[in-house]
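Here's a quick walk through a protein you may not have met before. Take a look at the sequence and the model, then read on.

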Amino acid sequence: MRAFTISKVRIRYDRLPNQVLGIGVAGAIAVTAILPVSQALAAEPAAAQPVTPVTAPVAAAAPAEAAAPAVEPVAQPAAAPAAPAAEPAPAAPAAPVYADNLDGWIQHARDLLGAAGKPVPSAKAMRATAMSESTGNPKAVNGWDSNAKSGTPSIGLTQMIQPTFKTYALSGHTDIRNPVDNLIASSRYCDAVYGGMDKMAAARGYGSHWHGY
């Protein structure tokens, strides 16, 4: 058996009185028996207490003023009124159509003279001149008179020589064999020489006593 020292007094277990050993053993047994009971009693009050549930704190509702301000809708600029549809340009008047005969040639020549600001003879005077000079034939050529012998024959509907035609032709109408161009130049020649084709034709009876002009 081991020995231990208390206050430098060496005591041996085998020398302790039996009464002391008995009391120590009995105390140890009592402590061992009482300890579980005391632990159980101490645990009962804790178990009997009601458990207060732990809840997360509820956040207080934010006041209405703290809410994000509502976004005011941005007013869109009013759309510009649509421009009124452009009115269609008036259609250009259709170009007149002239008959390819003496009446058509006369009317065309008169219209061109009027558009150019030149004197316009009557259709009667033009017809009398054309019928008396060439019987209404724009291809007629005089090969026997004095003009022809001098090398400048009379040509076309009103039988004009080339130099005279060239002098009185209207710009853009310079074909002596074209009946319209020929009538225009003849009318302008009569304006310069006789004061107008109507005066010249009337002096010749509109063909009843015609002679060269």
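What follows starts with the whole chain and then moves to a few of its parts.

## The big picture

First things first: this is a predicted model. The protein has seven helices and two strands. Going along the sequence, you meet them in the order β-β-α-α-α-α-α-α-α.

How much of the protein is buried? Of its 213 residues, 24% count as buried. If you take the contacts between residues at least 6 apart in sequence, 41% of them join residues at least 24 apart.

## On the way to helix 2

Between helix 1 (18-48) and helix 2 there's a loop, and Pro96 lies in it. Is Pro96 buried or exposed? Its relative accessible area is 53%, and exposed means over 50%, so Pro96 counts as exposed. Pro96 sits 15 residues from Asp111 in sequence, and their C-alpha atoms are 9.9 Å apart in space.

## Helix 2

Helix 2 covers residues 102-115, which makes 14 residues. From first C-alpha to last, helix 2 reaches 20 Å, close to the 20 Å expected at 1.5 Å a residue. At its start, Asn101 brings a side-chain oxygen to within 3.2 Å of the backbone nitrogen of Asp103. Just past the other end comes Gly117, with a positive phi of about 75°.

Which residues of helix 2 are buried? They are Leu102, Gly104, Trp105, Ile106, Ala109 and Leu113. Their cover includes helix 3 (123-134) and helix 6 (179-194).

## Helix 3 and its buried side

Next up is helix 3, with twelve residues. At 1.5 Å a residue it should span 16 Å, and its end C-alpha atoms are 16 Å apart, so the two values agree. After helix 3 comes Thr135, with a positive phi near 55°.

The buried residues here are Ala125, Met126, Ala128, Thr129, Ala130 and Ser134. Helix 2, helix 6 and helix 7 (197-203) are among the things covering them.

Thr129 is worth a stop. Why does Thr129 count as buried? Buried means under 20% relative accessible area, and Thr129 comes in at 0%, so it makes the cut. Leaving out residues up to four places away in sequence, Thr129 touches Thr158, Ser186, Met197, Met200, Trp210 and Tyr213.

## Glu133, also in helix 3

Glu133 is found in helix 3 too. With a relative accessible area of 21%, Glu133 is partly exposed, because it falls between the 20% and 50% cut-offs. What does Glu133 touch, not counting residues up to four places away in sequence? The list is Leu157, Thr158, Gln159, Trp210, Gly212 and Tyr213.

With Trp210 there's also a polar contact: the side chains of Glu133 and Trp210 meet at 2.9 Å. Then there's Ile155, 22 residues from Glu133 along the chain, with 9.8 Å between their C-alpha atoms.

## The largest pocket

Glu133 turns up again here, as one of the residues lining the largest pocket. The other names on the lining are Asn142, Asp145, Asn147, Ser154, Gln159, Met160, Ile161, Thr164, Tyr189, Gly212 and Tyr213.

How much space lies in the largest pocket? About 230 Å³. By type, the lining residues split into four nonpolar, six polar and two charged.

Note on methods
Residues are numbered from 1 along each chain as its sequence is written. This is a predicted model: local features need pLDDT of at least 70, side-chain atom pairs count only at pLDDT 80 or more; totals for chains, interfaces and linings use all residues. Side-chain values use heavy atoms; hydrogens and water are left out. Helices (H or I, at least four residues) and strands (E, at least two) are DSSP runs, numbered from the N terminus. The expected span of a helix is 1.5 Å times one less than its number of residues. Buried means under 20% relative accessible area, exposed over 50%, partly exposed in between (1.4 Å probe, protein chains only). Contact means heavy atoms within 4.5 Å. A polar contact is a pair of N or O atoms within 3.5 Å; within protein, one must be able to donate a hydrogen and the other to accept it, and residues adjacent in sequence count only if both atoms are side-chain atoms. On a 1 Å grid over the protein atoms alone, a cavity is a set of points where a 1.4 Å probe fits but cannot get out, and a pocket is an open set with protein on both sides within 12 Å along at least five of seven lines; lining residues have an atom within 4 Å of a point. Grid points are joined across faces, edges and corners, and a volume is the space filled by probe spheres set on the points. Ala, Val, Leu, Ile, Met, Phe, Trp, Tyr, Cys and Pro count as nonpolar, Asp, Glu, Lys and Arg as charged, and the others, Gly among them, as polar.
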